[in-house]
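Visitor: I am new to this structure, and I would like to learn how the words used for it are justified. Could you take me through the reasoning step by step?

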Amino acid sequence: MTNEEKPKQKIGFTIIKNDPTDGHKGFGIGSLSLENVSPVIIDIEEDLARVEVGAMHARSDTERGIKFTTNREDSLGGKLYWLVWVTIDYNPQGPYYAGVSACEMVINREKRRGYKNLADHVNRMDKSMKRHILVDFMDDRSKNILREFLQSHNKEMWDRSEEKLHQDLSVEA
């Protein structure tokens with residue numbers, strides 16, 4: 001049998017809900033649960049932030065129909081978006097925004113081309129899951145949109161969040 005005749009093995013990515021060690025031993029032990037991670041896409045021009053669950057698999061409404069490359073010139077003249085991975089955790093006072101990590105994405109709808117660094121997106125999701133706050137490099141307008149979104153989504157969770165998140169999303173007037 002030659003290489004061309006062998007069926008390719010598919011390697012799937014399994015999202016495991018709740019506690020992966022919940023009562024049984026075997027598949028899923030030691031796997032990370034992505035249940036408390038949400039992708040938030042910021043449309044700067046529209047002053048809009050929204051949760052787009054499809055971004056977990058690079059298939060959000062914003063990304064649909066776009067061919068992405070790692071070359072910024074392919075999407076020249078495009079619109080800048082931020083993909084922000086938001087991880088929620090619990091402390092004795094209740095839920096809070098534990099990890100918030102942003103990465104950029106440029107989309108040129110006219111050309112149907114976009115720029116993103118997939119490895120960076122995956123690394124930023126991992127950082128968020130590990131409770132890191134990485135948003136200080138965002139522009140002021142984007143910081144305002146994200147801060148207002150997180151506050152309006154749940155003021156109590158915002159209030160319980162780390163001071164670093166508050167500081168990194170504050171903007172000088």
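Guide: Let us begin with K116 in this predicted model: its relative accessible area is 8%, and because buried means under 20%, K116 is called buried.

Visitor: What makes the pair of K116 and E63 a salt bridge?

Guide: The closest N and O atoms of K116 and E63 are 2.6 Å apart, and because a salt bridge asks for a side-chain nitrogen of Lys or Arg within 4 Å of a carboxyl oxygen of Asp or Glu, the pair fits the term. K116 lies in the loop between β6 (113–115) and α1 (118–129), while E63 lies in the loop between β2 and β3 (67–69), so the pair ties together parts that are 53 residues apart in sequence.

Visitor: Is E63 buried or exposed?

Guide: E63 has a relative accessible area of 4%, and since the cut-off for buried is under 20%, E63 is counted as buried.

Visitor: Why is the contact of R50 with E52 also called a salt bridge?

Guide: The side chains of R50 and E52 meet at 2.8 Å, N to O, and the term applies because the limit is 4 Å. R50 has a relative accessible area of 30% and is partly exposed, whereas E52, at 6%, counts as buried. The structure holds 11 salt bridges.

Visitor: What makes K155 and D159 partly exposed?

Guide: The relative accessible area of K155 is 43% and that of D159 is 47%, and because partly exposed covers what falls between buried, under 20%, and exposed, over 50%, both residues receive that name. They too form a salt bridge, with the closest N and O atoms 2.8 Å apart, and both lie in helix α3, four residues apart, about one turn of the helix.

Visitor: How do you know that the length of helix α2 agrees with what is expected?

Guide: Helix α2 runs over residues 140–153, which makes 14 residues, and at 1.5 Å a residue it should span 20 Å; its end C-alpha atoms are 20 Å apart, so the two values agree. Its buried residues are S142, K143, I145, L146, R147, F149 and L150, and these pack against elements that include β1 (37–43), β4 (79–91) and β5 (94–108), as well as the helices α3 (155–160) and α4 (163–168).

Visitor: How does the span of α1 compare with its expected value?

Guide: The 12 residues of α1 should span 16 Å at 1.5 Å a residue, and the end C-alpha atoms are 17 Å apart, which agrees.

Visitor: Why are the buried residues of α1 said to lie on the same side?

Guide: The buried residues of α1 are H121, M125, S128 and M129. They cover an arc of only 100° around the axis, and therefore they are placed on the same side of α1. What covers these buried residues includes β1, β4 and β5.

Visitor: What is found at the start of α1 and just after it?

Guide: At the start of α1, a side-chain oxygen of N117 reaches to within 3.2 Å of the backbone nitrogen of A119, and just after α1, R131 takes a positive phi of about 70°.

Visitor: Why is S75 called buried?

Guide: S75, which is found in the loop between β3 and β4, has a relative accessibility of 1%, and because the cut-off is under 20%, S75 counts as buried. Leaving aside its neighbours within four places in sequence, S75 is in contact with V106, N108, R113, G114 and Y115.

Note on methods
Residues are numbered from 1 along each chain as its sequence is written. This is a predicted model: local features need pLDDT of at least 70, side-chain atom pairs count only at pLDDT 80 or more; totals for chains, interfaces and linings use all residues. Side-chain values use heavy atoms; hydrogens and water are left out. Helices (H or I, at least four residues) and strands (E, at least two) are DSSP runs, numbered from the N terminus. The expected span of a helix is 1.5 Å times one less than its number of residues. Buried means under 20% relative accessible area, exposed over 50%, partly exposed in between (1.4 Å probe, protein chains only). Contact means heavy atoms within 4.5 Å. The arc is that of the directions from the helix axis to the C-beta atoms. A polar contact is a pair of N or O atoms within 3.5 Å; within protein, one must be able to donate a hydrogen and the other to accept it, and residues adjacent in sequence count only if both atoms are side-chain atoms.
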